[in-house]
Amino acid sequence: MFNRPHQKHEISSSREWKRKEKKMHFLTVFTLTLCGGALTVARGCDVPLAHYKTMHCQPVGNRPDGCPERYDCPSITAHDSGKCYFNGKTYAIDQPVPDAEVSQFCSAACYCRSANPIAKFRCVHVDCAEFFKRFDYDNCVRQYSPQGCCSTGTVCGEERNKLATCELESEIYREGQRMRFKGNQCRTCICTAGFNATAIEQDPNCVETVCGFELFEEKQVYGGGIPVYKPDGCCPWEWRMPKQTDTVVKGTGSKPATDPKLQCKYGSLTLDVGDSLDIQQRAEGQKLSCSCQVPPLMHCMLN
């Protein structure tokens, strides 16, 4: 159902999204294929890059490890606090975002609104019917479209058994189900008749994930934060803001960059590639490690 976009609902919608977002690890967020490559890693590069790809930052240079030397990110380096940014596009105050671009985030009627200190998106949250019903997983399957949030229908019993099947990475799916890749969390396919696991690049029902952080975490993204990833996720789990207690640990063999564009800036700190942060661990059993790998942003891993 749809609710009126007012301030109270805006806050609750954001919190509801964060709850579902963390539960799903962003694995149910989909959009059109971008530039023929995985969002999480570049070819041969083992550094998470989904944040750069989502913001449509441009890679600059090539390193022997397969990673770009850096990214050029105008939405960060030339950010206009009186505008909103999403998926490589800039929105003026009161300018709407097409529903087709935000439906995968269970949102609709998004528009850019003035806010202090940074303009932000305001959206209507969409509650899918399946969020409120028990589901018979043994006898039924939900049907989905590549860019949808809510299911398009349910097929049960004998009709379910008549559906075409797909095999992906030793898992069997039925027509209409979402199929997730174990080795690439940023790609998802919809099972369709004739699915070919060796030709997913040409399959219009196979899509790459675009992360929603620009819609919901603008203060952190454009206020100096850095992305925090989990090993089994595609998109940043959260964004970490600088702390006064942060200090730099020089990397083994790291040399000061002669080009400041090849450094990471984080709060008052400047880090060269290979440098990391000495940070206070926040929770028992969780270890957060943050380093400068591909400028201009550092990134963190939460293990």
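In which strand does Ala109 lie? Ala109 sits in strand β5, where strands are DSSP runs of E with at least two residues, numbered from the N terminus.

Before going further, a word on what you are looking at. This is a predicted model, in which local features need pLDDT of at least 70 and side-chain atom pairs count only at pLDDT 80 or more, while totals for chains, interfaces and linings use all residues. Residues are numbered from 1 along each chain as its sequence is written, and side-chain values use heavy atoms, with hydrogens and water left out.

**Confidence**

The average pLDDT (the predictor's confidence in each residue, from 0 to 100) is 85 for the chain, and 84% of the residues score at least 70. Over residues 1–42, pLDDT stays under 50. For that stretch the model has 99 contacts (heavy atoms within 4.5 Å) beyond four places in sequence. Where pLDDT is low, the predicted coordinates should not be read in detail.

**Backbone points to check**

Most residues other than glycine have a negative phi, and most peptide bonds are trans. Here are four places that you may like to inspect.

| Residue | Backbone feature | Place |
|---|---|---|
| Ala109 | phi near 55° | strand β5 |
| Glu169 | phi about 50° | loop between β9 (165–168) and β10 (171–174) |
| Pro117 | cis bond with Asn116, omega about 10° | loop between β5 (107–113) and β6 (120–125) |
| Pro296 | cis bond with Pro295, omega about 15° | loop between β20 (288–291) and β21 (299–302) |

Ala109 has a relative accessible area of 40% and is partly exposed; that term covers values between buried (under 20%) and exposed (over 50%), with a 1.4 Å probe and protein chains only. Glu169 is also partly exposed, at 33%.

**Enclosed space**

How many cavities of 30 Å³ or more does a search of the whole structure find? The search finds 3. A cavity is a set of points, on a 1 Å grid over the protein atoms alone, where a 1.4 Å probe fits but cannot get out. The largest cavity holds about 40 Å³, a volume being the space filled by probe spheres set on the points.

Lining residues have an atom within 4 Å of a point; for the largest cavity they include His79, Tyr85, Phe121, Glu214 and Tyr222. Both β3 (84–86) and β6 supply at least two residues of this lining. Its make-up is 6 nonpolar, 1 polar and 4 charged residues, where Ala, Val, Leu, Ile, Met, Phe, Trp, Tyr, Cys and Pro count as nonpolar, Asp, Glu, Lys and Arg as charged, and the others, Gly among them, as polar.

How values were computed
Helices (H or I, at least four residues) and strands (E, at least two) are DSSP runs, numbered from the N terminus. On a 1 Å grid over the protein atoms alone, a cavity is a set of points where a 1.4 Å probe fits but cannot get out, and a pocket is an open set with protein on both sides within 12 Å along at least five of seven lines; lining residues have an atom within 4 Å of a point.
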